[in-house]
Amino acid sequence: MPSTTQDDVSTSLLLASVQATLDSAQESMDAVRAMLSPGRGIVGSEEAALSAAIRTVPRWHFAMLNDLERNDAFEVAIERVLPPGAHVLDIGAGTGLLSMMVARAGAASVTTCEQNPMLAEITRQIVAQHGLSDVINVVSKRSTDLVVGVDLPRRADLIVSEIVDCGLIGEGVLPTVEHAREHLLAPGGLLLPESARLYGALLDSVAVDRLNRVDYAAGFDVSLLNGLSTRGHFPVRLPTWPHTLLSPEVELYSFDFAAGPMADGSAEVDIPVTETGEAHGLAVWFDLSLGGGVRLRNSPDNLASHWMQAFVPFAEPVALTKGDRAHLRLAWQDCRLSASKISISTTMKGQK
Ligand SMILES: C[S@@+](CC[C@H](N)C(=O)[O-])C[C@H]1O[C@@H](n2cnc3c(N)ncnc32)[C@H](O)[C@@H]1O
């Protein structure tokens with residue numbers, strides 16, 4: 001009988017954990033279906049599975065669906081750009097909202113895909129509830145797994161999506177659009193949104209920096225935790241934290257979803273310093289061009305937006321003097337924004 005090796009044990013453990021994940025996903029799915037069946041209460045054993053299902057759905061879906069500016073902007077843009085008789089692909093159904101807008105605007109047919117099976121199931125039910133199941137086909141898959149001719153009848157004349165986070169790229173819009181453009185969009189087809197610009201300013205805020213950095217707590221050095229601090233950008237509601245912007249708002253970069261490069265990359269940016277202080281990072285927001293002249297911004301003055309701003313921390317605070325110019329590198333990689341100092345030039349002392 002062959003002896004059991006460490007590799008065998010690791011493989012068995014891995015398979016067991018995969019099976020457990022699949023089992024619990026199936027149980028969660030069954031619990032969601034039970035929840036959606038009229039008159040069928042949740043029995044005790046389904047409660048835990050339903051809790052697991054709930055944990056797979058980020059809480060921001062509720063705030064997002066209640067963001068009237070966002071919803072209206074998408075609906076107006078869809079009405080303005082939808083080609084007559086179009087077949088539309090909606091990437092990332094959520095609850096099917098954009099698909100239903102597209103159907104209401106008169107699309108011939110809609111395919112929508114959703115990577116979260118619980119949300120795909122909810123979308124199917126909501127679409128049925130509105131009598132739109134003949135127009136909207138819900139596919140429980142990631143867009144990158146869709147097969148034309150199987151999951152959607154043909155390449156789409158219009159692809160709509162709302163897969164942007166506070167820093168634009170955090171939900172994978174760049175690789176998703178790159179794949180969709182190449183494999184799922186008909187020649188001459190349209191993308192909604194069509195482009196986006198990133199804006200930002202140098203941020204002096206110990207309070208924001210402390211959301212991701214620690215030294216001492218009650219006299220104990222706990223700075224080892226900094227090894228686990230967030231890499232890249234994360235959301236902050238800027239007006240709620242004490243802060244000073246050390247520069248005006250500047251355009252950092254622009255992405256052309258229709259034709260521009262979507263790969264990981266970086267850009268050098270030159271920012272005038274208008275206040276003296278310590279920059280802890282960049283405050284960043286987007287300006288999304290949906291199409292038909294419709295735009296959406298999550299700038300700090302847009303308090304109603306469910307999108308917060310993105311904080312892109314520097315590795316260490318950078319001392320700046322009014323009149324300096326901060327020469328930085330902004331990078332987008334693995335769906336994360338990062339920023340680093342290249343140099344600071346001052347009119348008084350040259351490079352420093
Ligand atoms: C920000 S929500 C928007 C939902 C809906 N489109 C709306 O506007 O109300 C994005 C949704 O897209 C899904 N998603 C993101 N990337 C996806 C992809 N490449 N394929 C399928 N679903 C995706 C997420 O699971 C999430 O439910």
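User: Which residue of β13 is the bridge partner of Leu203?

Analyst: Strands of a sheet pair through backbone hydrogen bonds, either parallel or antiparallel. In this predicted model, Leu203 has Gly281 in β13 as its bridge partner. That bridge belongs to the pairing of strand β6 (residues 195-204) with β13, where nine bridges join two antiparallel strands.

User: Happy to stay with β13. Which other strands does β13 pair with?

Analyst: With strand β15 (residues 309-320), β13 pairs in the antiparallel sense over seven bridges, and there Leu282 stands opposite Val312. With strand β14 (residues 294-297), the pairing is antiparallel too, over four bridges. Here you can look for Leu288, which faces Leu296 in β14.

User: How many residues lie between the strands in the hairpin of β13 and β14?

Analyst: Two residues lie between them, and in this hairpin Gly292 takes a positive phi near 65°. For another example, go to strand β16 (residues 325-333) and strand β17 (residues 336-346), an antiparallel pair with nine bridges. Ala326 has Ile344 of β17 as its bridge partner. The hairpin of β16 and β17 has two residues between the strands, and Asp334 takes a positive phi near 50°.

User: Now for burial. Is β13 mostly covered or mostly open?

Analyst: Neighbour counts are the thing to read here. A residue is buried if 20 or more other C-beta atoms lie within 10 Å of its own. By that count, twelve of the 15 residues in β13 are buried, so the strand is mostly covered. Across the protein, buried residues make up 37% of the 352 residues.

User: How many residues are in the largest nonpolar core, and which strand gives the most to it?

Analyst: The largest nonpolar core has 89 residues. Strand β13 (residues 277-291) is the one that gives the most, with eight residues. The core also draws at least three residues from each of domain 1 (61-162) and domain 2 (195-351). Among the residues with the most contacts inside the core are Ile78, Ile159, Leu202 and Val284. For a view of one of them, select Ile159: leaving out residues up to four places away in sequence, Ile159 touches Leu89, Ile91, Ala180, Leu184, Leu185, Gly189 and Leu191.

User: What about a parallel sheet: in what order do the five strands of the open sheet come?

Analyst: The order is β3-β2-β1-β4-β5, with parallel pairing. An edge strand pairs on one side only, and the edges here are β3 (136-139) and β5 (185-192). From one strand to the next, the twist averages 20°. At the β3 end, four bridges join strand β2 (residues 109-113) to β3, and Val110 has Ile136 of β3 as its bridge partner.

User: Which helices pack on that sheet?

Analyst: Helix α6 (residues 117-129) packs on the sheet by touching β2 and β3, and its direction makes about 165° with that of β3. Helix α7 (residues 173-183) also packs on the sheet, touching β1 (87-91), β4 (156-161) and β5, and its direction makes about 150° with that of β5.

User: How far apart are the C-alpha centres of domain 1 and domain 2?

Analyst: The two C-alpha centres lie 32 Å apart. The contact between the domains takes eleven residues from domain 1 and eight residues from domain 2. On the domain 1 side, the elements that give two or more residues are α3 (60-65) and α4 (68-81). The largest share of that side, eight residues, comes from α4. By chemical class, the domain 1 side divides into seven nonpolar, no polar and four charged residues.

User: One last residue: why is Glu249 counted as partly exposed?

Analyst: Glu249 is partly exposed because 15 other C-beta atoms lie within 10 Å; a residue is exposed at 12 or fewer and buried at 20 or more. You will find Glu249 in the loop between β10 (244-245) and β11 (250-256). Leaving out residues up to four places away in sequence, Glu249 touches Tyr199 and Ala201.

User: And for the whole chain, how many helices and strands are there?

Analyst: The protein has eight helices and 18 strands. Along the principal axes, the C-alpha atoms fill a box of roughly 70 × 65 × 45 Å. Of the contacts with a separation of 6 or more, 74% are between residues 24 or more positions apart.

Methods:
Residues are numbered from 1 along each chain as its sequence is written. This is a predicted model: local features need pLDDT of at least 70, side-chain atom pairs count only at pLDDT 80 or more; totals for chains, interfaces and linings use all residues. Two residues are in contact if their C-beta atoms, placed from the backbone, lie within 7 Å. Domain bounds come from an automatic or database domain assignment. Ala, Val, Leu, Ile, Met, Phe, Trp, Tyr, Cys and Pro count as nonpolar, Asp, Glu, Lys and Arg as charged, and the others, Gly among them, as polar. Two strands pair if DSSP finds at least two bridges between them. Axes are lines fitted to C-alpha atoms, for helices over the stretch in contact, and angles run from 0 to 180 degrees between N-to-C directions. A nonpolar core is a set of buried Ala, Val, Leu, Ile, Met, Phe, Trp, Tyr and Cys residues joined through C-beta atoms within 7 Å.
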